[in-house]
Amino acid sequence: MPQQHQEAAVPAGTAAPDRADPADRAVRAPRRTGSALTWLTPALLVLGLGLWGASLPLTDFRTMADYGLLDRLPPVFYASLAVLTAGFLVALRRAGTAPVWPSAYCAGLLVALKAGPAVLYDAVRYPWASKHDAVVTTLLGTGELRPHAALSGNMSAYDQWPGFFTLNAALVRAFGVESTAAYLNWAPIVLGLVLIPVLVLLYRTFTEDWRLVWTAVWIFQLANWVGQDYLAPQGLAYVLHLTVLAVVLRHFVRPGSAGRLRDRTALDPAAATVPPATTTRQRAVGVLVLSPLILAVNAIHQLTPVMLCVVLAALCLTRRYRNLGLLAVTGLIMLAWDLTMGRPLFLETLGTLKESLGRLTQNSRAGYAGQLTGPGPELAGRAAIAMALAVVLCAGIAVLVRRRLTRSALPLLLASAAPVPLFAVNDYGGEMLFRVYLFGLPGAAFFAAAALLPAAAGARRSHAARVRRRLAAVALPAVLLVLTAGFLPAYYGKDAMYYTPPAESALVTRAIDRIPEGGLLLATSGSFPQALHRYDRVEHWWFCEQELPENEKMLADPARYLADRLPPGTAAHVVLTRTQDVYTAGEGLLPPGGFALLRDRLKASPLFRVVEERPYGIVLAYTPPTTTPGGAS
Amino acid sequence: MTTHRTPARTSPARRAARAAVAASGWLALAATLLPDGSVPRWPPVLLFVCLGPGLALLHPQPRGLRPGARLESFALAAPLSLALASLAATVLFLLGAFSVPAFLVPLAAFTTVAALLPGLPLPAATRGAAGPARERG
């Protein structure tokens, strides 16, 4: 680990007392304690991961019900997280001299939190990951990008921001596998492992306290329940966004702007001094170095470049990072992409901006429509809100209490708060809330960690400082455990929606294979695996993805409702599966019992005939009445 | 700011690491000759695509990396590599010219050339802006 050499290379006593790493100061303990920590740290890591490994065969994911994976995880899984947390806290005590252990614990936590489904599930986790798999498969089938093809359901957007899909298409071929399904459940682990060093770099820019760095990384992982790190463009674009941010914060400091922020006496004991200023020429070179990263962000995802521009604009509010040239280059790259490759969706979005602008409550709601329903989804929703509030509360305390740290880390605070006004612009298909939260999380986790770690262990001997340290000794483990407890329902509480048995997906695949080219697939929502299979040949209509009152109207006579809206002469097939049932109920798109009613009424209608029926789903074909004088409208 | 005094002469270990990075793309390409779906194809391809170009661009500094800059090079290598791989694949699909060799050969050649040249001139790579200034000299 490079940092280890860095710390080890500093001979004891070379740093001035007020500059020594607080973590180092914290470990000036008797030698016997030190040796105990030496063996305890790896032992707890091995034990924690061992318990996690032992929990896997005991996890009965196939019988998930109301609470998703949450009540299927065995007690030994929960014990593994407790042991890892304890080990991490022990490892923190030597974070300055042995950073390899906190980093190993952070990687271990990532695995324990998110690798379970990758190991266990015999199917894709998240139906929308299956959509991305379909995009890659289609791309490999056609061998080219068709950004202006105007496919059903805005699917051409994936060819307009194709960077993630082309990369995965290349990986699929290079690995020699059939599709991304062979590895897509591992995406959170790979993206997490790439992200951790970037976060460390970001935090290290603002603090010299390694305990603060690793605690912030730990909190970030616990608070990252939003599930945006699956096999999706936004996961990779997010990593690149933070990379650009880290490079800017470290290499784009304007000369003469640091002021007292290089004066140790004016800084929080844990704070790092402002990075050295760079000349105009160095910053120009920096823009050139960053250009491929910024271009890649634009090639991969449509929203992240907007976030990047907003964040860079917010940084321009500080004297330190007023880099208008970089902002202009970033904006121009985004505009160039939007007006060429992304032109169709860009213009369409511009057209709808007038409607969505200023609709704050509408834009900040989670999901498309409806309310979370059922014990698992409701618990997941409540846990998610509580988690977000807890992190923001802790961060707020640090911002108010550690004002010197806030002053020196103000750019990080600004970068995290900058995306919030985007609520006023667009709802991004019900996703804006999650995206704003995710982009605000790095700064929130940093300040939350600062609230939990005393300003400078050993630096002040006052009574108040001692009290703060004692409080922190209790608060840190307590908050980490509470956040862990919150992560689990928020991340796993809805897994009954996210896991679909392979037999059910095979039914969907068969159904779509039967639809002739140009035909129409109907389903309640698009959130089921294989929904977008052959999306370049078959149109689709997710007829329940609308407001609940309209769905209630539809339920009165679903067959007539659908038939009246089908284009004449279309070969239309309806696919209703167990996963759709769970999803429409959990997301509140249909009232209780609505899905069964829909299924029964369609099945009984002479307008539809059953093509295939299984315990986990039914396929119906539309049979238009031959004697209708006017035909369907 | 003091001048870094590490000798310019590269150590055998550093030369070996540089050679490994330079060869990583060709090794990944060779791995794709193995039968489809065989597990040994995965590690060289994944490691090269995720790390190869970035390491080649950031690491070979004429005087070696300053301690504070090691973290930076380590952290930036993967995002930079993935960005370049993503752009390369996008260009190939835009041209309708994608194939595994068309994807890996340019990246491997780029990595080899970059590994032989000095690293990107990020200021921190040469003057330790990555953390507390602990220069000796």
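Biologist: In this predicted model, which residues are exposed on the other side of α28(A)?

Modeller: On that side of α28(A), A:D600 and A:A604 are exposed, and the word is used because a residue counts as exposed if 12 or fewer other C-beta atoms lie within 10 Å of its own.

Biologist: Which residues of helix α28 of chain A are called buried, and why is that word used?

Modeller: In α28(A), which runs over residues 594–604, the buried residues are A:G594, A:F595, A:L598, A:R599 and A:L602. They are called buried because the term requires 20 or more other C-beta atoms within 10 Å of the residue's own.

Biologist: What puts these buried residues on the same side of α28(A)?

Modeller: They cover an arc of only 135 degrees around the axis, and therefore they lie on the same side of α28(A). As a general point, an α-helix has 3.6 residues a turn, so residues three or four places apart point the same way.

Biologist: What covers the buried residues of α28(A)?

Modeller: The cover includes the helices α25 (548–556), α26 (558–565) and α27 (578–586), together with the strands β3 (572–577), β4 (608–614) and β5 (617–622), of chain A.

Biologist: What makes the passage of α13(A) by α15(A) a crossing of a particular hand, and at what angle do the axes cross?

Modeller: The axes of α13(A) and α15(A), the latter spanning residues 324–339, come within 10 Å and cross at roughly 35 degrees. The crossing is right-handed, a name given because the near helix is turned clockwise from the far one by less than a right angle.

Biologist: Which residues meet there, and of what class are they?

Modeller: From α13(A), A:V287, A:S291, A:I294, A:L295 and A:N298 meet residues of α15(A), among them A:G325, A:L326, A:V329 and A:W337. By class, this contact has eight nonpolar, four polar and no charged residues, with Gly counted as polar.

Biologist: How many residues does each chain give to the contact between chain A and chain B?

Modeller: Chain A gives 50 residues and chain B gives 45. On the side of chain A that touches chain B, the largest share, ten residues, comes from α9(A), and by class that side has 33 nonpolar, eleven polar and six charged residues.

Biologist: How many helices and strands does chain B have, and what do we know of its residues 74–97?

Modeller: Chain B has five helices and zero strands. An unreviewed UniProt entry lists residues 74–97 of chain B as a transmembrane region; in the model this span is 88% helix and 0% strand, with its end C-alpha atoms 32 Å apart.

Technical notes
Residues are numbered from 1 along each chain as its sequence is written. Chains are lettered from A and ligands numbered from 1 in the order in which they are written. This is a predicted model: local features need pLDDT of at least 70, side-chain atom pairs count only at pLDDT 80 or more; totals for chains, interfaces and linings use all residues. UniProt positions are given in the numbering used here, feature names are shortened, and annotations may be inferred rather than shown by experiment. Helices (H or I, at least four residues) and strands (E, at least two) are DSSP runs, numbered from the N terminus. The arc is that of the directions from the helix axis to the C-beta atoms. Two residues are in contact if their C-beta atoms, placed from the backbone, lie within 7 Å. Axes are lines fitted to C-alpha atoms, for helices over the stretch in contact, and angles run from 0 to 180 degrees between N-to-C directions.
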